[in-house]
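Hi everyone, thanks for making the time. I'd like to walk you through one structure this morning, starting with the overall layout and then moving to a few spots inside it.

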Amino acid sequence: MQETGNPMLIDFLISLLKVLGEPQRMKILRILASNRDQKLCVTDIAKILHLTQPAVTKHIKIMKKTGFITSVREGKRVHYQVDLPMLEYYKKVFEDTYPKGFYPCPYNLQCDQCPERETCA
């Protein structure tokens, strides 16, 4: 099978989809995005989702690693919030990449000859 597109972009998209493909992470993202005026910590999120604190901590660690959320330490507590500029960036990456999957490749999937190689998935 011939490899197509930019492997780095493909790996990047896969890592984002893995984060978004987990239902609890999607719920955490929604909780944080819809409560931006509140300071929420792991305990708050765990109570809302009826999950253990270690489970929420594990999800948050993964989400922070990919840039979906940020944290601010205040005393002994760490408060989490959605990283809106990063979400906007991810949205743009998906919007730029998604349509390319529905049109024939003008270079017949010969990626080494494609001038759009860096942005093609």
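So, the secondary structure of this chain comes to five helices and two strands. Please keep in mind as we go that this is a predicted model. If you follow the sequence from the start, the pattern reads α-α-α-α-β-β-α. The chain has 121 residues, and 29% of them count as buried. If we take the contacts with a separation of 6 or more, 56% of them are between residues 24 or more positions apart.

Let's go to the helices. Two packed helices are described by the angle between their axes and the distance between the axes. I'll give you both values for each pair.

The first pair on my list is α2 and α3. Helix α2 covers residues 23-34, and helix α3 covers residues 42-49. Their axes come within 11 Å and cross at roughly 115°, and the crossing is right-handed. Which residues make that contact? From α2 we have Gln24, Lys27, Ile28, Ile31 and Leu32, and from α3 we have Ile45, Ile48 and Leu49. By character, the residues of this contact split into six nonpolar, one polar and one charged.

Next, α3 with α4. Here the axes come within 9 Å, with a crossing angle of roughly 110°, so α3 is roughly perpendicular to α4. This crossing is right-handed too: that is how α3 passes α4. On the α3 side you'll find Val42, Thr43, Ile45 and Ala46, and they meet Gln53, Val56, Thr57 and Ile60 in α4. The residues of the contact between α3 and α4 come out as five nonpolar, three polar and no charged.

And then α2 with α4. These axes come within 10 Å and cross at roughly 75°, which means that α2 is roughly perpendicular to α4. The α2 residues in this contact are Gln24, Arg25, Ile28 and Leu29, and the α4 residues are Val56, His59, Ile60, Ile62 and Met63. The split for α2 with α4 is six nonpolar, two polar and one charged.

Let me stay with α3 for a moment. Which of its residues are buried? They are Val42, Ile45, Ala46 and Leu49. These four cover an arc of only 100° around the axis, so they sit on the same side of α3. And what covers them? The cover includes α2, α4 and β2.

Now a few individual residues, and I'll begin with glutamine 24, which you've already met in α2. Is glutamine 24 buried or exposed? Its relative accessibility is 19%, so it counts as buried; the cut-off for buried is under 20%. Setting aside neighbours within four places in sequence, glutamine 24 is in contact with Leu49, Leu51 and His59.

Over in strand β2, residues 77-82, we have histidine 79. Histidine 79 counts as buried because its relative accessibility is 13%. Leaving out residues up to four places away in sequence, histidine 79 touches Lys39, Leu40, Cys41, Thr70, Ser71, Val72 and Glu74.

Tyrosine 80 lies in strand β2 as well. Tyrosine 80 has a relative accessible area of 13%, so it is buried. Again not counting residues up to four places away, the partners of tyrosine 80 are Leu32, Leu40, Cys41, Val42, Ile60, Lys64, Ile69, Thr70 and Ser71. Take lysine 64 from that list: it is 16 residues from tyrosine 80 in sequence, and the two are 9.3 Å apart in space, C-alpha to C-alpha.

My last stop is histidine 50. Where does histidine 50 lie? It is in the loop between α3 and α4, just after α3. Is histidine 50 buried or exposed? With a relative accessible area of 72%, histidine 50 is exposed. Now look at the backbone. Most residues other than glycine have a negative phi. Histidine 50 isn't glycine, yet its phi is positive, near 55°.

To wrap up, I'd come back to α3, with its buried residues on the same side and a cover that includes α2, α4 and β2. Thanks for listening, and I'm happy to go back to any of these spots.

Terms used. Residues are numbered from 1 along each chain as its sequence is written. This is a predicted model: local features need pLDDT of at least 70, side-chain atom pairs count only at pLDDT 80 or more; totals for chains, interfaces and linings use all residues. Side-chain values use heavy atoms; hydrogens and water are left out. Buried means under 20% relative accessible area, exposed over 50%, partly exposed in between (1.4 Å probe, protein chains only). Contact means heavy atoms within 4.5 Å. Axes are lines fitted to C-alpha atoms, for helices over the stretch in contact, and angles run from 0 to 180 degrees between N-to-C directions. A crossing is left-handed if the near helix is turned anticlockwise from the far one by less than a right angle, and right-handed if clockwise. Ala, Val, Leu, Ile, Met, Phe, Trp, Tyr, Cys and Pro count as nonpolar, Asp, Glu, Lys and Arg as charged, and the others, Gly among them, as polar. The arc is that of the directions from the helix axis to the C-beta atoms. Angles under 35 degrees count as roughly parallel, over 145 as roughly antiparallel, 65 to 115 as roughly perpendicular and the rest as oblique.
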